[in-house]
Amino acid sequence: MAKRKKATKKTARKSAKKTASKKKTTQKAGTQKATAKKARKSAKKTAKRAAVRTKAAKKTPKKKAAKKAKAPKKTAKQKVTRKKAAKKATPKKATKRTAKKAAKKATPKKAAKKKAVKRTAKKAAKKAARKTAPAKAKQTTKTKKAKTARRVPTPKAAPRAKVETPKAPPASRDVLPVLDLESFEAKPLVEPGVKDEFVGSTRYAWLGSGQCGGRLVKSFYDLGYKKVIAANTTHHDLDLLDIPADQKFLMDIGEFGAGKDMGRGRDAVSRCRQELLHEARQKFGTEVEHIMVCFGAGGGTGGGSALEMIGVAKDYARSIGKKEPARSVGVIMTLPTIGEAASPQVAQNAYNVANEVGQLAMEGQISPLIIIDNEKISRMYPGLTVKDFWPSINSTVASLFDIFNRLSSLSSPYTSLDPVDYQSIVRAGGCAIMGLTKVSEYQDRFALSSAVRRNLEKTLLCDGFDLASAKVAGCAVVGGKSMMAQTPALQDNINYAFDVLAEITGNATIHRGIYEDQRNSLRVYTIIGGLDFPAARIEKILTPA
Ligand SMILES: Nc1nc2c(ncn2[C@@H]2O[C@H](COP(=O)(O)OP(=O)(O)OP(=O)(O)O)[C@@H](O)[C@H]2O)c(=O)[nH]1
Ligand SMILES: [Mg+2]
């Protein structure tokens, strides 16, 4: 019995031991499984990060290529450093292998993707190795875990480990083809528009609105400034204009004209602003330096549309690449005669629009503002027939304007008023005035200088300017060839006249020009820019003397 008992006890102890060892094995296996799971999870994460980086890298391949091309030496150095760092780092291999696996798992089918992921995974592995290099203790633990995880036999892992991924070629300059686009440069499109026939330093485009605006641009057209558009709310006025039909623009508001209602004029342009801009691009082309908007203050179409037209002109200027549209868009505005201003509506229209446009000029939003005083010019030409009245005034304005553009394009054996001088006056902001005097007593120094003074005071296109507010001026003296060669002290007399002009204009910058031609007379042409708005003269529109 005792023997039996002993035997039973032995068997029981043995079985207990067996169970205990079994338990231990199961526990071990459990821990191994968990470690393997963890390792696989971390590998998946690395692969995901790698895939995201590959996407980002794909999005900016040009930048990368450009960087490489720019600093090839640096990249080579970096490569060497990376290799060294990778060699030093113990966990590199393990992490690398995990990353490889993860890459394969993430995109097992597509070879191209695999390559990309593998490359990025490699990079990630290298990065991880570099990061973990200083903390050696941590690394060892992680490596051990990773190794244990790999030792766990899984039916899928074994065959995958054998699959050899083709090595991705290094992304060098030889791999990326050179595209034609690399040497492509956007060239500005040159559109000629209507061909000009004038002689001058500055190419102008003219946008006229209303009957006055149309007739003014027609006068410039006759001088060879062919880039014109005449806009109106009635075809009656347009029909009478002798310019090509495709340079007339009807702002159709369903009525014949705006009937002095400025609201109608304003609406008319806002409705067809885009079409007008398109027309401007077509007719003016891209080779334009300055755009002038012309209209009569007082009318419904011209006056009402003035601000919108200025806006269109600026849009056009921007569209052809002008950096400062405000300095490239000017205005020619007429003031009504005393007779016309007797109509309260005409007077009020003229007053309102003149002040609005004047403000733009003073703010530097347009340059220049040229004001034509119809009353003053009409007095210069007494006894004109009805037929000649407006054409005479308009051609006076156009030819005086043209003279300075023409002069600044000519070379002189003496002193030139060059294109830059001229443009500095035109772009000076504020208001501009022009005048011309013929001097018969040019041998007398004082006669010449007082002619310049008279020129400014009497023959300007409008009164009421404070000449001392001028910023810049141009004065050109033109005389006959023989006169220039034979008149003693003429140079001194001319210089004195220039000095007087400087004095009158509050020491504005005076650009001088001395030219000769075949005529036997001496003429003095003056243009003054950057002047203050003649507010007092505009007030007189409402209360004519
Ligand atoms: N210098 C000059 N001024 C003009 C000419 N025609 C008209 N004006 C002036 O411009 C002012 C406006 O007249 P219009 O141009 O006929 O008016 P509009 O812009 O056509 O406007 P609505 O007829 O009301 O639609 C007039 O009061 C005149 O003083 C012109 O040929 N030359
Ligand atoms: Mg009209």
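**Exercise 1.** Is Glu 539 buried, partly exposed or exposed, judged by its C-beta neighbours inside 10 Å?

Solution. The model used in these exercises is predicted.
- Step 1: count the neighbours. Glu 539 has 13 C-beta neighbours inside 10 Å.
- Step 2: compare with the cut-offs. A residue is buried at 20 or more and exposed at 12 or fewer, with partly exposed in between.
- Step 3: conclude. Because the count is 13, Glu 539 is partly exposed.
- Step 4: place the residue. Glu 539 belongs to helix H22, which covers residues 535–542. Its C-alpha atom lies 7.3 Å from that of Tyr 351, although 188 residues separate the two in sequence.

**Exercise 2.** Describe the protein chain as a whole, including the confidence of the prediction.

Solution.
- Step 1: list the secondary structure. The protein chain has 22 helices and 10 strands.
- Step 2: look at burial. Of its 545 residues, 39% are buried.
- Step 3: look at contacts. Taking contacts between residues at least 6 apart in sequence, 78% join residues at least 24 apart.
- Step 4: read the confidence. The average pLDDT of the protein chain is 78, and 67% of the residues reach at least 70. Residues 19–31 have a pLDDT below 50, and this stretch has zero contacts beyond near neighbours in sequence. Residues 83–95 also stay under 50, but the model gives them 26 contacts beyond four places in sequence.

**Exercise 3.** Which residues have the most contacts inside the largest nonpolar core, and which helix gives the largest share of this core?

Solution.
- Step 1: find the core. The largest nonpolar core holds 112 residues.
- Step 2: name the residues with the most contacts inside it. They are Trp 206, Leu 207, Val 293, Ala 313, Val 331 and Ala 350.
- Step 3: find the main contributor. Helix H15 (residues 344–362) gives the largest share, nine residues.
- Step 4: check the domains. At least three core residues come from each of domain 2 (189–407) and domain 3 (429–545).
- Step 5: take one residue in detail. Leaving out residues up to four places away in sequence, Trp 206 touches Val 217, Phe 220, Tyr 225, Lys 227, Val 228, Met 292 and Cys 294.

**Exercise 4.** How many residues surround ligand 1, and which are the closest?

Solution.
- Step 1: count the shell. Ligand 1 is surrounded by 25 residues.
- Step 2: name the closest. These are Gly 210, Gly 296, Gly 299, Gly 300 and Gly 302.
- Step 3: assign elements. Helix H8 (210–222), helix H12 (300–319) and helix H17 (386–407) each give two or more residues to the shell. The largest share, four residues, is from H8.
- Step 4: sort by class. The shell has seven nonpolar, 15 polar and three charged residues.

**Exercise 5.** Identify unusual backbone geometry at Lys 260, Asn 507 and Pro 368.

Solution.
- Step 1: recall the usual case. Most residues other than glycine have a negative phi, and most peptide bonds are trans.
- Step 2: examine Lys 260. This residue is not a glycine, yet its phi is positive, about 65 degrees. Lys 260 sits in the loop between strand E3 (248–250) and helix H10 (262–271). Because it has 18 C-beta neighbours inside 10 Å, Lys 260 counts as partly exposed.
- Step 3: examine Asn 507. Its phi is positive too, about 60 degrees, and it is not a glycine. Asn 507 lies in the loop between helix H21 (490–504) and strand E9 (509–517). With 10 C-beta neighbours inside 10 Å, Asn 507 is therefore exposed.
- Step 4: examine Pro 368. The peptide bond joining Ser 367 and Pro 368 is cis, with omega about -5 degrees. Pro 368 is in the loop between H15 and strand E6 (369–373).

**Exercise 6.** Is Ser 408 buried or exposed, and which residues does it touch?

Solution.
- Step 1: place the residue. Ser 408 is in the loop between H17 and helix H18 (419–426).
- Step 2: count. Ser 408 has 25 other C-beta atoms within 10 Å, so it is buried.
- Step 3: list the contacts. Not counting residues up to four places away in sequence, Ser 408 touches Ser 201, Leu 417, Asp 418, Pro 419, Asp 421 and Tyr 422.
- Step 4: check one distance. Ser 408 and Tyr 422 are 14 residues apart along the chain, with their C-alpha atoms separated by 6.4 Å.

Notes. Residues numbered from 1 in each chain as written. Chains lettered and ligands numbered in written order. Predicted model: local features only at pLDDT ≥ 70, side-chain atom pairs only at ≥ 80, totals over all residues. Core = buried A, V, L, I, M, F, W, Y, C linked by C-beta atoms within 7 Å. Domains from an automatic or database assignment. Contact = placed C-beta atoms within 7 Å. Near = placed C-beta within 6 Å. Nonpolar A, V, L, I, M, F, W, Y, C, P; charged D, E, K, R; others polar. pLDDT = per-residue confidence, 0-100.
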